[in-house]
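Open the model in your viewer and keep the sequence panel beside it. This tour goes from one selection to the next.

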Amino acid sequence: MKILFACGGTAGHINPALAVAEELRRRDIDTKILFAGNPNGMEARLIPQAGYAFEPIEVAGLQRKLSLENIKRNFKAAYLLAKSSKRAKRIISDFKPDIVMGTGGYVSGPIVKKAHQMGIKTLTHEQNAFPGITTKLLAHDVDRVLFAVEGAKKYFKEDVLSKAEVVGNPVREGVLTVNREEARKRLGIGDKLCIVSFGGSLGASRINEAVKDVIKFHIAEGKIHHIHAVGKYDYKDFIESLKADNVPFINNPNVDIREYIDNMPTCLAASDLVISRSGAITLSEIECAKKASILIPSPNVAENHQYYNAMELVKNNAAMILEEKDLTGEKLVSMVKELCEDKNRLRELGENASKMAIRDSSSRIADIILKLVND
């Protein structure tokens with residue numbers, strides 16, 4: 001079998017495709033796999049790193065806010081879109097895939113659409129509770145539409161829902177397999193309550209500012225082990241700010257401040273409470289790890305989709321939400337204190353999150369792909 005994946009823009013679009021590719025390769029080592037994505041996107045780095053062939057196709061998204069700069073960007077986006085159809089046809093004609101799958105990002109559009117026009121089987125996977133524009137544009141043409149969460153279905157009519165299925169988001173294998181006791185032993189946590197907080201690989205200044213107050217709140221008593229990833233941009237300033245406030249975090253065994261959490265499955269397994277943004281993959285990992293969470297959706301994402309992601313958990317009593325417009329250190333400390341003093345509530349949120357988890361997402365998607373190819 002030959003499969004072409006189209007994805008890009010963010011790790012949330014790229015990693016699900018990589019996970020499905022891994023599952024297909026595991027089932028049949030001879031499966032031929034090709035990825036297409038933007039030459040300047042993170043996919044151009046992540047996909048070859050994972051050992052897969054990569055073909056570049058340049059596509060840009062339209063800017064919705066009117067400004068002189070955005071008008072210029074939209075002219076460029078229109079020019080690239082006009083070129084992309086020809087490039088997509090060349091990629092598909094050269095590789096001759098049996099099936100094409102899009103997992104999001106603007107680059108999925110021209111590849112999946114052209115494959116459909118050429119009579120090739122197609123499917124698309126939407127990671128978020130609020131579907132992106134690419135999914136909305138492709139949903140009527142593709143053979144199958146896959147959703148990560150049930151809530152995404154309400155934005156489509158019967159012609160799409162008749163070929164749709166909820167399959168979850170593929171998550172890292174370690175999230176499913178790392179043992180809590182083993183993880184806590186590895187991190188030296190003991191029996192302390194553990195908080196893991198982060199705002200993404202680049203960081204989130206508003207979250208960092210509020211988390212500083214959380215660290216100040218619990219550091220003196222030493223009853224909480226806190227792992228916080230500051231992110232690339234604010235790391236030095238964050239450290240200097242704690243020093244300036246005389247917070248005794250240096251060589252403190254209960255405070256682990258990092259630029260980035262590179263062993264997330266271990267940290268998640270060890271945690272009792274997660275404080276984070278509400279990107280689709282993050283939430284799927286929180287659900288699979290059976291964790292309580294305080295979610296702070298990023299307001300700077302397309303169509304405010306992180307808010308809708310978070311509300312899927314909140315509606316199921318599986319998380320608490322704190323919107324960035326309401327975020328203060330005082331408010332976050334109050335919520336953390338409330339949860340830390342109520343172990344039953346922490347457990348309830350984690351158990352309800354676990355009920356939402358789909359742990360075999362990669363396998364489900366691989367089954368659908370193989371059925372499509374063989375029908």
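**Stop 1: Lys355.** Start by selecting Lys355, which sits in helix 15. This is a predicted model. Is Lys355 buried or exposed? Lys355 counts as exposed, because its relative accessibility is 68% and the cut-off for exposed is over 50%. Now add Glu287 to the selection. Along the sequence, Lys355 and Glu287 are 68 residues apart. In space, their C-alpha atoms are 7.6 Å apart.

**Stop 2: helix 15.** Widen the selection to residues 343–356, which make up helix 15. Put a distance label between the end C-alpha atoms: the value is 20 Å. At 1.5 Å a residue, the 14 residues of this helix should span 20 Å, so the two values agree. Next, colour the buried residues of helix 15: Leu346, Leu349, Gly350, Asn352, Ala353 and Ser354. An α-helix has 3.6 residues a turn, so residues three or four places apart point the same way.

What do the buried residues of helix 15 pack against? Show these elements one by one:

- strand 8, residues 193–198
- strand 11, residues 273–276
- helix 12, residues 280–289
- strand 12, residues 292–295
- strand 13, residues 320–321
- helix 14, residues 329–340

**Stop 3: Lys290.** Go to the loop between helix 12 and strand 12, and select Lys290 there. Its phi is positive, about 65 degrees, although Lys290 is not a glycine. Lys290 has 45% relative accessibility, so it counts as partly exposed.

**Stop 4: Asn251.** There is another positive phi to check. Asn251 is not a glycine, yet its phi is about 60 degrees. Look for Asn251 in the loop between helix 10 (235–244) and strand 10 (255–258). How exposed is Asn251? Its relative accessibility is 78%, so Asn251 counts as exposed.

**Stop 5: helix 1.** Jump to residues 11–27, which form helix 1. With 17 residues at 1.5 Å each, helix 1 should span 24 Å; the end C-alpha atoms are 24 Å apart, so the model agrees. Show side chains for the buried residues of helix 1: His13, Ile14, Pro16, Ala17, Leu18, Ala19, Val20, Ala21, Glu23 and Leu24. Which elements do they pack against? The strands are strand 1 (2–6) and strand 2 (32–37). The helices are helix 2 (43–49), helix 12 and helix 16 (361–374). Helix 12 is also a packing partner of the buried residues of helix 15.

**Stop 6: Ile3.** Stay with strand 1 and select Ile3. Ile3 has a relative accessible area of 0%, so it is buried. Measure across to Leu24, a buried residue of helix 1. The C-alpha atoms of Ile3 and Leu24 are 9.4 Å apart, while 21 residues separate the two in sequence. Now show what touches Ile3, leaving aside neighbours within four places in sequence. The contacts are Leu24, Thr31, Lys32, Ile33, Leu34, Phe95, Ile99 and Ile369.

**Stop 7: Ile368.** Move to helix 16 and pick Ile368. Is Ile368 buried or exposed? Its relative accessible area is 8%, so Ile368 is buried. Select Leu123 as well: it lies 245 residues from Ile368 along the chain, with 9.3 Å between their C-alpha atoms. Apart from neighbours within four places in sequence, Ile368 is in contact with Leu123, Arg144, Leu146, Glu165 and Val167.

**Stop 8: the whole chain.** Zoom out and switch to cartoon. The protein chain has 16 helices and 13 strands. Its radius of gyration is 22 Å, close to the 21 Å that the globule rule gives for 375 residues, so the chain is as compact as a globular protein of that length. Along the principal axes, the C-alpha trace spans about 65 × 50 × 40 Å.

Turn on a surface. The accessible surface is about 17,700 Å², and carbon and sulfur atoms hold 49% of it. Of the 375 residues, 53% count as buried. Then colour by charge: there are 54 positive and 48 negative side chains. The centres of those two sets lie 4 Å apart. Finish with a contact map. Among contacts with a separation of 6 or more, 65% join residues 24 or more positions apart.

Definitions and conventions: Residues are numbered from 1 along each chain as its sequence is written. This is a predicted model: local features need pLDDT of at least 70, side-chain atom pairs count only at pLDDT 80 or more; totals for chains, interfaces and linings use all residues. Side-chain values use heavy atoms; hydrogens and water are left out. Helices (H or I, at least four residues) and strands (E, at least two) are DSSP runs, numbered from the N terminus. The radius of gyration is taken over C-alpha atoms; the globule rule is 2.2 Å times the number of residues to the power 0.38. Buried means under 20% relative accessible area, exposed over 50%, partly exposed in between (1.4 Å probe, protein chains only). Contact means heavy atoms within 4.5 Å. Accessible areas come from the Shrake-Rupley method with a 1.4 Å probe; for residues, only the protein chains shown count as cover. Lys and Arg count as positive and Asp and Glu as negative; His and the chain ends are not counted. The place of a charge is taken as NZ of Lys, CZ of Arg, CG of Asp or CD of Glu. The expected span of a helix is 1.5 Å times one less than its number of residues.
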